[in-house]
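Morning, everyone. I have one structure to walk through today, so let me put it on the screen.

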Amino acid sequence: MERDPDLQVFVGATVHYVSFGTPGGEYESQCRAATVAELVAGPTDITPARVALVVHNPKGTFYDPNLPQAQGKEERVGGTWHWPDKHCPTIGSEWPK
Ligand SMILES: [Zn+2]
């Protein structure tokens, strides 16, 4: 699942959006499937690529017009997107019990 970090994002690409968990911990922050709807701004030396996403949650879809790409796995926080890879807890994990 390791992807080329230089892979250019494109409209229609399937990426991961990181959801915000709830403050009380009822819901954890996690990777959700998302489709790139628009390229907003390309990456520079100091800023990440920004895209518009359609986010597919199990109980609904939502839209966000401007989200930054996480620059490393440590920066995969709520409100960012990244290419799916082996660091995603939802990939290669066991089925929920
Ligand atoms: Zn992920």
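I'll go from the overall fold to the sheet, then to the core, and end on one loop residue.

A caution before the details. This is a predicted model. Please keep that in mind throughout.

Start with the inventory. The protein has 5 strands and 0 helices. Reading from the N terminus, the elements go β-β-β-β-β.

Next, overall dimensions. Along the principal axes, the C-alpha atoms fill a box of roughly 40 × 25 × 25 Å. The radius of gyration is 13 Å, and a compact globule of 97 residues would come out near 13 Å, so the two agree. Of those 97 residues, 12% count as buried. Now take the contacts with a separation of 6 or more. Residues 24 or more positions apart account for 40% of them.

On to the sheet. What is the strand order? It is β4-β3-β2-β1-β5, in an open sheet with antiparallel pairing. Strands β4, residues 60–68, and β5, residues 81–82, stand at the edges. Each has a single partner strand, so one side of each is left without a neighbour in the sheet. As a reminder, strands of a sheet pair through backbone hydrogen bonds.

Let's take the pairs one at a time. Strand β1 covers residues 14–18 and strand β2 covers residues 31–41. They pair in the antiparallel sense over 5 bridges. Within that pair, V15 stands opposite A34, and H16 stands opposite A33.

Now the other side of β1. It pairs with β5, again antiparallel, over 2 bridges. Here H16 has H82 as its bridge partner. In short, H16 faces A33 in β2 and bridges to H82 in β5.

Then β3 and β4. They pair in the antiparallel sense over 7 bridges. A hairpin joins them through 2 residues. In this pair, V51 of the one strand stands opposite L67 in β4.

Now the core. Which residues make up the largest nonpolar core? There are 10: V15, Y17, V18, A34, V36, V51, L53, V55, L67 and W81. Strands β1, β2 and β3, the last being residues 50–57, each supply at least two of these. Notice that two facing pairs from the sheet come back here. V15 and A34 stand opposite each other, and both are core members. V51 and L67 also face each other, and they too are in the core.

Is β1 enclosed or open to the outside? 4 of its 5 residues are buried, so β1 is largely enclosed by the rest of the structure.

A34 deserves a closer look. Set aside its neighbours within four places in sequence. A34 is then in contact with V15, H16, Y17, L53, V54, V55, H56 and W81. Several of those names are on the core list, including V15, L53 and W81.

Last stop, the loop. Q71 is found between β4 and β5. How does Q71 count for exposure? It has 15 C-beta neighbours inside 10 Å, and 20 or more would make a residue buried while 12 or fewer would make it exposed, so Q71 counts as partly exposed. Q71 and A49 are 22 residues apart along the chain, and their C-alpha atoms are separated by 9.2 Å.

That's the tour. Over to you for questions.

Methods. Residues numbered from 1 in each chain as written. Predicted model: local features only at pLDDT ≥ 70, side-chain atom pairs only at ≥ 80, totals over all residues. Rg over C-alpha atoms; globule rule 2.2 N^0.38 Å. Contact = placed C-beta atoms within 7 Å. Pairing = 2+ DSSP bridges. Core = buried A, V, L, I, M, F, W, Y, C linked by C-beta atoms within 7 Å.
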